[in-house]
Amino acid sequence: MKPFTLERPGTPAEAAAAAAREPGARFIAGGTNLLDLMKLQIETPTHLIDVNRLALDRIEPTQEGGLRIGALVRNTDLAADARVRRDYAVLSRALLAGASGQLRNRATTAGNLLQRTRCPYFYDTHQPCNKRQPGSGCGALDGRSRQHAVVGVSKSCIATHPSDMAVAMRVLDATVETVRPDGQTRRIPIVDFHRLPGDTPHVETTLSAGELITAVTLPRPVAGAHIYHKVRDRASYAFALVSVAAIVQPDGQGRIAVGGVAHKPWRVEAADAAVPQGSQAIAARLLADAHPTSDNAFKLPLVERTIAAALDQAKSTRTRA
Ligand SMILES: Cc1cc2nc3c(=O)[nH]c(=O)nc-3n(C[C@H](O)[C@H](O)[C@H](O)COP(=O)(O)OP(=O)(O)OC[C@H]3O[C@@H](n4cnc5c(N)ncnc54)[C@H](O)[C@@H]3O)c2cc1C
Ligand code: SF4
(Lines give C-alpha, C1' and ligand atoms only; values in the text may rest on other atoms or scores of the structure.)
(Ligands and ions follow the chains in the order given, each with its own letter.)
Protein backbone atom coordinates (compact mmCIF):
# COMPACT_ATOMS: atom_id res chain seq x y z
CA MET A 1 0.00 0.00 0.00
CA LYS A 2 1.26 3.52 -0.80
CA PRO A 3 1.74 5.93 2.13
CA PHE A 4 -1.12 8.32 2.85
CA THR A 5 -2.08 10.94 5.42
CA LEU A 6 -5.35 10.84 7.38
CA GLU A 7 -7.71 13.42 8.82
CA ARG A 8 -11.01 13.23 10.68
CA PRO A 9 -13.16 16.30 10.03
CA GLY A 10 -16.00 17.24 12.40
CA THR A 11 -18.72 18.29 9.93
CA PRO A 12 -19.81 17.30 6.40
CA ALA A 13 -18.91 20.78 5.05
CA GLU A 14 -15.41 20.48 6.55
CA ALA A 15 -15.03 17.04 4.99
CA ALA A 16 -15.99 18.30 1.52
CA ALA A 17 -13.70 21.35 1.87
CA ALA A 18 -10.82 19.08 2.94
CA ALA A 19 -11.33 16.91 -0.17
CA ALA A 20 -11.08 19.98 -2.41
CA ARG A 21 -7.82 21.11 -0.73
CA GLU A 22 -6.00 17.84 -1.49
CA PRO A 23 -6.33 16.65 -5.14
CA GLY A 24 -5.36 13.04 -4.27
CA ALA A 25 -7.82 12.77 -1.37
CA ARG A 26 -10.58 10.17 -0.93
CA PHE A 27 -13.31 9.79 1.67
CA ILE A 28 -13.24 6.56 3.63
CA ALA A 29 -16.33 5.14 5.37
CA GLY A 30 -16.50 1.38 6.14
CA GLY A 31 -13.38 0.85 4.02
CA THR A 32 -14.60 -2.56 2.80
CA ASN A 33 -14.10 -1.61 -0.85
CA LEU A 34 -11.58 1.24 -0.77
CA LEU A 35 -9.00 -0.56 1.39
CA ASP A 36 -9.04 -3.64 -0.89
CA LEU A 37 -8.42 -1.37 -3.89
CA MET A 38 -5.61 0.45 -2.06
CA LYS A 39 -3.89 -2.81 -1.13
CA LEU A 40 -3.88 -3.77 -4.82
CA GLN A 41 -2.74 -0.23 -5.75
CA ILE A 42 -5.73 0.20 -8.03
CA GLU A 43 -6.58 3.25 -5.96
CA THR A 44 -3.64 5.23 -4.56
CA PRO A 45 -5.02 8.18 -2.55
CA THR A 46 -2.39 10.39 -0.94
CA HIS A 47 -4.81 11.57 1.74
CA LEU A 48 -7.80 9.85 3.40
CA ILE A 49 -10.69 11.76 4.91
CA ASP A 50 -12.27 9.51 7.50
CA VAL A 51 -15.98 10.41 7.59
CA ASN A 52 -16.93 7.97 10.35
CA ARG A 53 -17.20 10.66 13.05
CA LEU A 54 -19.69 12.79 11.12
CA ALA A 55 -23.23 12.80 12.51
CA LEU A 56 -24.69 11.01 9.47
CA ASP A 57 -25.75 7.73 11.05
CA ARG A 58 -29.47 8.29 11.65
CA ILE A 59 -32.62 7.13 9.86
CA GLU A 60 -35.32 9.80 10.20
CA PRO A 61 -38.84 10.35 8.81
CA THR A 62 -39.17 13.16 6.26
CA GLN A 63 -41.96 15.77 6.20
CA GLU A 64 -43.17 14.21 2.93
CA GLY A 65 -43.82 10.84 4.61
CA GLY A 66 -40.62 9.15 3.48
CA LEU A 67 -37.33 8.27 5.17
CA ARG A 68 -33.97 10.02 5.24
CA ILE A 69 -31.08 7.57 5.58
CA GLY A 70 -27.78 9.07 6.75
CA ALA A 71 -24.77 8.31 4.55
CA LEU A 72 -23.08 6.46 7.42
CA VAL A 73 -25.98 4.16 8.33
CA ARG A 74 -24.49 0.66 8.22
CA ASN A 75 -26.07 -1.87 5.85
CA THR A 76 -26.97 -4.15 8.80
CA ASP A 77 -28.80 -1.35 10.64
CA LEU A 78 -30.65 -0.24 7.52
CA ALA A 79 -31.81 -3.77 6.70
CA ALA A 80 -33.01 -4.31 10.30
CA ASP A 81 -34.81 -0.98 10.76
CA ALA A 82 -38.48 -1.68 11.52
CA ARG A 83 -39.72 1.11 9.21
CA VAL A 84 -37.57 -0.16 6.33
CA ARG A 85 -38.72 -3.75 6.85
CA ARG A 86 -42.38 -2.68 6.95
CA ASP A 87 -42.53 0.05 4.28
CA TYR A 88 -39.52 -0.57 2.03
CA ALA A 89 -39.08 -4.33 2.28
CA VAL A 90 -37.42 -4.49 -1.16
CA LEU A 91 -34.53 -2.48 0.30
CA SER A 92 -34.17 -4.64 3.38
CA ARG A 93 -34.21 -7.79 1.21
CA ALA A 94 -31.66 -6.42 -1.25
CA LEU A 95 -29.28 -5.50 1.56
CA LEU A 96 -29.54 -8.93 3.15
CA ALA A 97 -28.80 -10.55 -0.24
CA GLY A 98 -25.43 -8.76 -0.35
CA ALA A 99 -21.98 -9.60 1.04
CA SER A 100 -21.81 -11.20 4.51
CA GLY A 101 -22.93 -10.28 8.02
CA GLN A 102 -19.46 -8.99 8.94
CA LEU A 103 -19.21 -6.84 5.80
CA ARG A 104 -22.72 -5.45 6.23
CA ASN A 105 -21.80 -4.41 9.79
CA ARG A 106 -19.10 -2.11 8.36
CA ALA A 107 -20.50 -1.15 4.95
CA THR A 108 -22.30 2.20 4.76
CA THR A 109 -25.15 3.53 2.63
CA ALA A 110 -22.91 5.96 0.71
CA GLY A 111 -20.02 3.51 0.34
CA ASN A 112 -22.37 0.85 -1.01
CA LEU A 113 -23.65 3.19 -3.75
CA LEU A 114 -20.07 4.07 -4.67
CA GLN A 115 -18.49 0.61 -4.58
CA ARG A 116 -16.58 -0.11 -7.76
CA THR A 117 -17.06 -2.83 -10.35
CA ARG A 118 -16.01 -6.45 -9.79
CA CYS A 119 -14.74 -6.88 -13.37
CA PRO A 120 -11.69 -9.16 -12.95
CA TYR A 121 -9.66 -7.14 -15.50
CA PHE A 122 -10.18 -4.01 -13.40
CA TYR A 123 -8.59 -5.86 -10.47
CA ASP A 124 -5.67 -7.29 -12.48
CA THR A 125 -3.15 -4.49 -12.97
CA HIS A 126 -1.37 -6.49 -15.70
CA GLN A 127 -4.47 -6.28 -17.92
CA PRO A 128 -5.73 -3.34 -19.99
CA CYS A 129 -8.71 -1.58 -18.41
CA ASN A 130 -10.13 1.78 -19.49
CA LYS A 131 -11.78 2.22 -16.11
CA ARG A 132 -8.56 1.75 -14.12
CA GLN A 133 -6.26 3.36 -16.69
CA PRO A 134 -8.14 5.48 -19.25
CA GLY A 135 -7.05 4.76 -22.84
CA SER A 136 -5.42 1.40 -22.07
CA GLY A 137 -8.19 -0.73 -23.65
CA CYS A 138 -10.72 -3.19 -22.28
CA GLY A 139 -9.56 -6.68 -21.34
CA ALA A 140 -13.10 -7.97 -21.03
CA LEU A 141 -14.20 -7.15 -24.59
CA ASP A 142 -11.85 -9.78 -26.06
CA GLY A 143 -11.62 -11.84 -22.91
CA ARG A 144 -14.02 -13.57 -20.56
CA SER A 145 -17.22 -11.63 -20.07
CA ARG A 146 -19.64 -14.04 -18.42
CA GLN A 147 -20.40 -11.62 -15.55
CA HIS A 148 -20.47 -8.47 -17.64
CA ALA A 149 -23.14 -6.04 -18.85
CA VAL A 150 -25.60 -6.68 -21.66
CA VAL A 151 -27.30 -3.27 -21.86
CA GLY A 152 -26.00 0.30 -21.82
CA VAL A 153 -22.55 -0.98 -22.85
CA SER A 154 -19.95 0.90 -24.90
CA LYS A 155 -16.85 0.05 -26.94
CA SER A 156 -14.79 1.21 -23.97
CA CYS A 157 -16.32 -0.80 -21.12
CA ILE A 158 -18.87 -3.54 -20.44
CA ALA A 159 -18.58 -3.60 -16.63
CA THR A 160 -21.59 -3.94 -14.32
CA HIS A 161 -22.38 -2.07 -11.12
CA PRO A 162 -22.19 -4.67 -8.33
CA SER A 163 -24.46 -3.17 -5.64
CA ASP A 164 -27.65 -4.96 -4.60
CA MET A 165 -28.79 -2.02 -2.46
CA ALA A 166 -28.59 0.40 -5.41
CA VAL A 167 -31.06 -1.71 -7.44
CA ALA A 168 -33.62 -1.42 -4.63
CA MET A 169 -32.91 2.32 -4.28
CA ARG A 170 -33.60 2.67 -8.02
CA VAL A 171 -36.96 0.89 -7.86
CA LEU A 172 -37.87 3.10 -4.88
CA ASP A 173 -36.91 6.34 -6.72
CA ALA A 174 -34.45 7.40 -4.02
CA THR A 175 -32.65 10.74 -4.03
CA VAL A 176 -28.99 11.23 -3.08
CA GLU A 177 -28.23 14.31 -0.94
CA THR A 178 -24.77 15.88 -1.05
CA VAL A 179 -22.64 18.78 0.10
CA ARG A 180 -20.00 20.33 -2.14
CA PRO A 181 -16.66 21.85 -1.11
CA ASP A 182 -18.16 25.39 -1.38
CA GLY A 183 -20.86 24.37 1.14
CA GLN A 184 -23.67 24.16 -1.44
CA THR A 185 -26.00 21.20 -1.05
CA ARG A 186 -27.85 19.39 -3.80
CA ARG A 187 -30.26 16.48 -4.37
CA ILE A 188 -29.58 14.01 -7.18
CA PRO A 189 -32.36 11.61 -8.27
CA ILE A 190 -30.88 8.10 -8.27
CA VAL A 191 -31.72 7.73 -11.98
CA ASP A 192 -29.13 10.46 -12.66
CA PHE A 193 -26.58 9.37 -10.06
CA HIS A 194 -24.74 6.46 -11.75
CA ARG A 195 -23.47 6.97 -15.33
CA LEU A 196 -23.25 4.64 -18.31
CA PRO A 197 -19.64 4.00 -19.40
CA GLY A 198 -19.62 5.78 -22.79
CA ASP A 199 -16.01 6.65 -23.59
CA THR A 200 -15.22 7.70 -20.01
CA PRO A 201 -15.87 4.57 -17.92
CA HIS A 202 -13.63 5.89 -15.13
CA VAL A 203 -16.28 8.57 -14.43
CA GLU A 204 -18.90 6.47 -12.68
CA THR A 205 -21.28 8.99 -11.10
CA THR A 206 -22.43 12.58 -11.50
CA LEU A 207 -20.71 13.62 -8.25
CA SER A 208 -18.23 16.47 -8.69
CA ALA A 209 -14.74 16.55 -7.16
CA GLY A 210 -14.87 16.62 -3.37
CA GLU A 211 -18.67 16.23 -3.21
CA LEU A 212 -19.72 14.29 -0.11
CA ILE A 213 -22.89 12.18 0.12
CA THR A 214 -24.74 13.12 3.31
CA ALA A 215 -27.93 11.05 2.97
CA VAL A 216 -30.26 9.10 0.73
CA THR A 217 -33.95 10.01 0.85
CA LEU A 218 -36.80 7.62 0.08
CA PRO A 219 -40.18 9.02 -1.01
CA ARG A 220 -43.46 7.90 0.57
CA PRO A 221 -43.78 4.10 0.61
CA VAL A 222 -45.39 2.34 -2.36
CA ALA A 223 -48.02 -0.23 -1.42
CA GLY A 224 -47.72 -3.77 -2.73
CA ALA A 225 -45.45 -6.81 -2.63
CA HIS A 226 -41.76 -5.90 -2.37
CA ILE A 227 -39.51 -8.58 -3.87
CA TYR A 228 -35.75 -8.86 -4.36
CA HIS A 229 -34.67 -11.91 -6.31
CA LYS A 230 -30.93 -12.46 -6.82
CA VAL A 231 -29.37 -15.13 -9.06
CA ARG A 232 -25.71 -15.88 -8.40
CA ASP A 233 -23.12 -18.61 -8.79
CA ARG A 234 -23.09 -19.49 -5.07
CA ALA A 235 -25.98 -19.40 -2.61
CA SER A 236 -24.29 -16.70 -0.53
CA TYR A 237 -21.34 -14.32 -0.56
CA ALA A 238 -21.44 -13.76 -4.32
CA PHE A 239 -22.33 -10.85 -6.55
CA ALA A 240 -25.43 -11.01 -8.75
CA LEU A 241 -25.37 -12.50 -12.22
CA VAL A 242 -28.86 -11.02 -12.49
CA SER A 243 -31.05 -9.52 -9.79
CA VAL A 244 -34.58 -8.14 -9.89
CA ALA A 245 -36.12 -5.59 -7.52
CA ALA A 246 -39.88 -5.56 -8.00
CA ILE A 247 -42.83 -3.79 -6.42
CA VAL A 248 -46.16 -5.24 -7.52
CA GLN A 249 -49.13 -3.15 -6.43
CA PRO A 250 -52.53 -4.60 -5.47
CA ASP A 251 -54.03 -3.39 -8.81
CA GLY A 252 -51.39 -5.31 -10.80
CA GLN A 253 -49.33 -2.26 -11.76
CA GLY A 254 -45.71 -2.29 -10.73
CA ARG A 255 -42.08 -1.30 -11.07
CA ILE A 256 -39.02 -3.37 -11.96
CA ALA A 257 -35.30 -2.60 -11.69
CA VAL A 258 -32.61 -5.09 -12.69
CA GLY A 259 -29.06 -5.53 -11.39
CA GLY A 260 -26.07 -7.38 -12.86
CA VAL A 261 -26.86 -6.30 -16.43
CA ALA A 262 -25.53 -2.74 -16.76
CA HIS A 263 -23.09 -0.12 -15.49
CA LYS A 264 -25.96 1.17 -13.32
CA PRO A 265 -29.17 -0.26 -11.86
CA TRP A 266 -31.35 -0.79 -14.94
CA ARG A 267 -34.93 0.47 -15.05
CA VAL A 268 -36.98 1.47 -18.11
CA GLU A 269 -40.33 3.30 -17.96
CA ALA A 270 -41.85 1.18 -20.75
CA ALA A 271 -40.98 -1.98 -18.80
CA ASP A 272 -42.80 -0.68 -15.71
CA ALA A 273 -45.85 -0.08 -17.89
CA ALA A 274 -45.66 -3.71 -19.07
CA VAL A 275 -45.83 -5.24 -15.57
CA PRO A 276 -49.51 -6.27 -15.94
CA GLN A 277 -48.56 -8.11 -19.17
CA GLY A 278 -45.98 -10.35 -17.50
CA SER A 279 -42.31 -11.24 -17.60
CA GLN A 280 -41.83 -11.64 -21.37
CA ALA A 281 -43.23 -8.20 -22.16
CA ILE A 282 -41.23 -6.62 -19.31
CA ALA A 283 -37.95 -8.28 -20.35
CA ALA A 284 -38.48 -7.36 -24.02
CA ARG A 285 -38.70 -3.69 -23.06
CA LEU A 286 -35.85 -3.76 -20.56
CA LEU A 287 -33.52 -5.48 -23.01
CA ALA A 288 -34.65 -3.80 -26.24
CA ASP A 289 -31.15 -2.40 -26.89
CA ALA A 290 -29.15 -5.32 -25.48
CA HIS A 291 -25.67 -6.05 -26.87
CA PRO A 292 -24.53 -9.23 -25.13
CA THR A 293 -21.23 -11.01 -25.81
CA SER A 294 -21.16 -14.71 -26.69
CA ASP A 295 -20.13 -15.35 -23.04
CA ASN A 296 -23.03 -13.54 -21.42
CA ALA A 297 -25.93 -13.92 -23.89
CA PHE A 298 -27.38 -16.37 -21.34
CA LYS A 299 -28.29 -13.33 -19.23
CA LEU A 300 -31.09 -12.35 -21.63
CA PRO A 301 -33.31 -15.40 -20.93
CA LEU A 302 -32.11 -15.32 -17.31
CA VAL A 303 -33.50 -11.80 -16.87
CA GLU A 304 -36.89 -12.96 -18.16
CA ARG A 305 -36.92 -15.99 -15.87
CA THR A 306 -35.82 -14.00 -12.84
CA ILE A 307 -38.60 -11.48 -13.45
CA ALA A 308 -41.07 -14.38 -13.79
CA ALA A 309 -39.84 -15.79 -10.47
CA ALA A 310 -40.15 -12.39 -8.79
CA LEU A 311 -43.71 -11.89 -10.11
CA ASP A 312 -44.61 -15.38 -8.95
CA GLN A 313 -43.19 -14.66 -5.50
CA ALA A 314 -45.16 -11.41 -5.41
CA LYS A 315 -48.42 -13.37 -5.69
CA SER A 316 -47.68 -15.27 -2.49
CA THR A 317 -46.15 -12.36 -0.55
CA ARG A 318 -48.12 -10.45 2.04
CA THR A 319 -48.68 -6.98 0.59
CA ARG A 320 -48.61 -3.70 2.41
CA ALA A 321 -51.85 -1.78 1.89
C1 LIG B 1 -16.05 -10.23 -0.25
C2 LIG B 1 -17.07 -9.15 -0.55
C3 LIG B 1 -18.33 -9.52 -0.99
C4 LIG B 1 -19.29 -8.54 -1.26
N5 LIG B 1 -20.52 -8.90 -1.74
C6 LIG B 1 -21.43 -7.95 -2.05
C7 LIG B 1 -22.70 -8.27 -2.59
O8 LIG B 1 -23.04 -9.44 -2.79
N9 LIG B 1 -23.55 -7.26 -2.89
C10 LIG B 1 -23.22 -5.95 -2.69
O11 LIG B 1 -24.04 -5.07 -2.98
N12 LIG B 1 -22.03 -5.60 -2.20
C13 LIG B 1 -21.13 -6.57 -1.88
N14 LIG B 1 -19.91 -6.20 -1.40
C15 LIG B 1 -19.52 -4.80 -1.41
C16 LIG B 1 -19.84 -4.07 -0.14
O17 LIG B 1 -21.23 -3.94 -0.03
C18 LIG B 1 -19.17 -2.70 -0.28
O19 LIG B 1 -17.77 -2.92 -0.18
C20 LIG B 1 -19.61 -1.71 0.76
O21 LIG B 1 -20.99 -1.47 0.64
C22 LIG B 1 -18.85 -0.40 0.62
O23 LIG B 1 -19.21 0.45 1.70
P24 LIG B 1 -18.07 1.09 2.62
O25 LIG B 1 -18.74 1.99 3.57
O26 LIG B 1 -17.19 0.04 3.21
O27 LIG B 1 -17.29 1.93 1.52
P28 LIG B 1 -15.75 2.39 1.46
O29 LIG B 1 -14.91 1.24 1.04
O30 LIG B 1 -15.38 3.15 2.68
O31 LIG B 1 -15.86 3.45 0.27
C32 LIG B 1 -16.27 3.07 -1.03
C33 LIG B 1 -16.22 4.32 -1.91
O34 LIG B 1 -17.19 5.27 -1.47
C35 LIG B 1 -16.57 6.54 -1.21
N36 LIG B 1 -17.33 7.13 -0.10
C37 LIG B 1 -17.63 6.53 1.09
N38 LIG B 1 -18.46 7.33 1.81
C39 LIG B 1 -18.69 8.44 1.05
C40 LIG B 1 -19.49 9.62 1.22
N41 LIG B 1 -20.23 9.83 2.32
N42 LIG B 1 -19.52 10.53 0.21
C43 LIG B 1 -18.79 10.34 -0.91
N44 LIG B 1 -17.99 9.27 -1.12
C45 LIG B 1 -17.97 8.31 -0.16
C46 LIG B 1 -15.12 6.21 -0.90
O47 LIG B 1 -14.28 7.31 -1.18
C48 LIG B 1 -14.88 5.05 -1.85
O49 LIG B 1 -14.61 5.53 -3.13
C50 LIG B 1 -18.94 -7.16 -1.09
C51 LIG B 1 -17.69 -6.81 -0.60
C52 LIG B 1 -16.75 -7.77 -0.35
C53 LIG B 1 -15.39 -7.35 0.15
S1 SF4 C 1 -15.21 -4.01 -18.76
FE2 SF4 C 1 -14.68 -1.98 -17.97
S3 SF4 C 1 -13.78 -2.46 -15.97
FE4 SF4 C 1 -13.71 -4.36 -17.17
S5 SF4 C 1 -11.74 -4.36 -18.30
FE6 SF4 C 1 -13.21 -3.40 -19.62
S7 SF4 C 1 -12.94 -1.22 -19.18
FE8 SF4 C 1 -12.09 -2.32 -17.44
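This is a short dialogue on reading a few features of the structure above.

Me: What kind of model is this, and how are residues numbered?

Reply: It's a predicted model, where local features need pLDDT of at least 70, side-chain atom pairs count only at pLDDT 80 or more, and totals for chains, interfaces and linings use all residues. Residues are numbered from 1 along each chain as its sequence is written, chains are lettered from A and ligands numbered from 1 in the order in which they are written, and side-chain values use heavy atoms, with hydrogens and water left out.

Me: Let's start with ligand 1. Which residues come nearest to ligand 1?

Reply: A residue is near a molecule if one of its heavy atoms lies within 4 Å of it. Here 33 residues surround ligand 1, and Arg 26, Phe 27, Thr 32, Thr 108 and Asp 164 come nearest.

Me: Which backbone atom lies 2.9 Å from an oxygen atom of ligand 1?

Reply: Look for polar contacts, pairs of N or O atoms within 3.5 Å (within protein, one must be able to donate a hydrogen and the other to accept it, and residues adjacent in sequence count only if both atoms are side-chain atoms). The 2.9 Å case is a backbone N or O atom of Asn 33. For Ala 99, a backbone N or O atom sits 3.0 Å from a ligand 1 oxygen, and for Ala 238 a polar backbone atom is 3.4 Å from one.

Me: How much of ligand 1 does the protein cover?

Reply: Accessible areas come from the Shrake-Rupley method with a 1.4 Å probe; for residues, only the protein chains shown count as cover. On its own ligand 1 has 980 Å² of accessible area, and the protein covers 93% of that.

Me: Which element gives the largest share of the shell?

Reply: Elements are DSSP runs numbered from the N terminus: helices (H or I, at least four residues) and strands (E, at least two). Helix α7 gives the largest share, 4 residues. Elements giving two or more residues include β2 (25-28) and β8 (212-218).

Me: Thr 217 is in β8. Is Thr 217 buried or exposed?

Reply: Buried means under 20% relative accessible area, exposed over 50%, partly exposed in between (1.4 Å probe, protein chains only). Thr 217 has 8%, so it's buried. Its side chain makes a polar contact with the side chain of Glu 177, at 2.6 Å. By contrast, Leu 6 in strand β1 (residues 5-7) is partly exposed because its relative accessibility is 45%.
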